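Student: I should like to learn how to read a charged side chain in the interior of a model. Please take me through one case.

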Amino acid sequence: MVMVFLALCLALGTVGANLFRRQILQGPTLQQRARERQSQRSRALAERRSIVDRNGELVAFDDRRLRIWAHPNNFRLMGDPPHQLRSRAEISALLAPLLPLTRRELERRMAGRVSGIRLVENLDAELARSIAQLGISGIDLEFYPYRTYPQGPAFANVVGFLDSDRRPQAGLELSQNRYLERPERNQLRQFSATGQLLPRDLAPGSFHRDELQLQLTIDGQLQRIAHQALSDALKRWKASRGAVIVMDVRDGSLLAISSAPGYDPSRFWVADPKLYREWSVEDLFEPGSTFKPINLAIALQEGAIEADSTVVDKGYLQIGGWPLFNHDRKANGTIDMAKVLQVSSNIGMVQVMSQLSADVYWQWLDALGIAATPDTDLPGAQAGMVKPRKLFTTQPIEPAVAAFGQGFSLTALKLLQLHAVIANGGRMVSPHITRGLRDAGDVAAEGQAPGRQIFDPGVTALVSDWMESVVTDGSGRAVAMPGYRIAGKTGTAQKAENGAYRDNAVIASFVAHLPVESPRFALLVVIDEPKGPHVYGSSVAAPIAARLIDQLVLLQQLPPNPTAAEAELKLEAEAGGRPADLPVAATTTNPQSIRSLTLVPNNG
């Protein structure tokens, strides 16, 4: 009995000592080892939210791509005994038919290393199933997100791109990065002995993945048309660059903003880094004659001119010892304000703005925010430049040249914003390109921002009528469309560089808004340094605007103006065309009434 008792005590003491060693002395170490075997840390893929246009069409999204790793020290096929290893040549022969590498290239990449060899990447994720069916041990498949831009160069200047390390470098990818990054984090998951996931240390919503998308105001169809029109114009006129912006004047949303030459964001490394910038938002230029309608609105608002005011244009003036001329050096005689815009009279504009004191004029340029950074969500937006108040008010030549849009500079975006003020009844709306985050498939409704009132509606309506006469009777005839009232203004400004104007270097532009009776859209076309014998806003920029207006009418289903349509019928009847008593509806639905409506397909 004693011997049995002692044996049991010894056994229990041994067990107790072992328990003490395991639980007390080795407890933390063993617990850590157990946690490592029972838990798995999931790496966040750092996926980004998609970007879609105003109609829900994809502009940028994360695709899954495949990366293949090789470990030759573990090459086996299904059913091979543990001690058997396959050669690099055997595995290369199996993989070569599926990969964009030859058998010899695969062997060369695996030579001299036993593990951790990256064979190939950027492969379609669907290829993983075919490789997995080979049953090769020692071949690892790694999936990773890859940013895809299905629209190509058409949206490059807007969206930007991610570099090879998935860091945003330009465009909305950079400026809206905080919205495009999904709130993902690494998760520590714990499993039971049977492999079931344990809810330990997992907060509610740990595995939730939102489907939000960044929605743009851009119309993808119009954006592609604008990009193609610009590319064609740059080739024809051998211009250095060009830009197109289309804005909804009711709320400042942009339907298109394109510049050329561009680049492919999926192959950004082959492009000149200068192309990454959206120059219509970042670079300044002197607007020239496209600013004349803004000046007329200022003069009307201040009471310096009336609806029936006239000026005497002798074709020449001398201000402060400086000679000023019309662009064609011709005199136009006594002309009204509509004619001033139609013939783009510099001398007429100088006489109009001379009715204002230089100080009042400068205050208006300041109030319009030319020298302020535009309130916009577009990345890189820059402020314009206006001469200092003292210089502007003491040097008579400064307000004189500003009367026809020179001597100060602004961006194309700011110029269109000011013309939107003319179109929408005098309100300053903020140009913007994003509508915010939306659930997939949810398209935001159009809004209308109130904006700050700058001009009286009667003032802007009168200036719009004068601008309409430019399209019907002046240099903007290229954009005239039967049945539609369109207001426009051409511009051909000398290009300034290092404080002096360059010879034979101009910026041709055209600005317009429509329909005049109830304006919805304004657009601006700017072509930098076109080359040729007749490089004017009317010949270079206006035809591009006409092409875009055609598409706007089609895409936005703008109805024709009944009064304008009846006038067109009457003119055709007088010319021996369509009978005068033909109903208006019979012509407005005729596709021949529109110049040329060509939809550019989405090649993405």
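Student: Which side chain of opposite charge is nearest to K414, and how far away is it?

Tutor: Lys and Arg count as positive and Asp and Glu as negative, while His and the chain ends are not counted. A salt bridge requires a side-chain nitrogen of Lys or Arg within 4 Å of a carboxyl oxygen of Asp or Glu. K414 is buried (under 20% relative accessible area, 1.4 Å probe, protein chains only) but has no salt bridge, the nearest such side chain being D375 at 9.8 Å. This is a predicted model, in which local features need pLDDT of at least 70 and side-chain atom pairs count only at pLDDT 80 or more, whereas totals for chains, interfaces and linings use all residues. Residues are numbered from 1 along each chain as its sequence is written, and side-chain values use heavy atoms, with hydrogens and water left out.

Student: Which backbone oxygen does the side chain of K414 reach?

Tutor: That of G369, at 3.5 Å. G369 follows just after helix 14 and has a positive phi of about 75 degrees. Helices are DSSP runs (H or I, at least four residues), numbered from the N terminus.

Student: What else is in contact with K414, leaving aside its neighbours within four places in sequence?

Tutor: Contact means heavy atoms within 4.5 Å. On that basis, K414 is in contact with L368, G369, I370 and M428. L368 in turn is in contact with residues including I294, L418 and F455.

Student: Where does K414 lie?

Tutor: K414 is in helix 17, residues 412-423.

Key. Helix = DSSP H or I, 4+ residues; strand = E, 2+ residues; numbered from the N terminus. Buried < 20%, exposed > 50% of the residue type's maximum accessible area, 1.4 Å probe, protein only. Polar contact = N/O pair within 3.5 Å; in protein donor to acceptor, adjacent residues only side chain to side chain.
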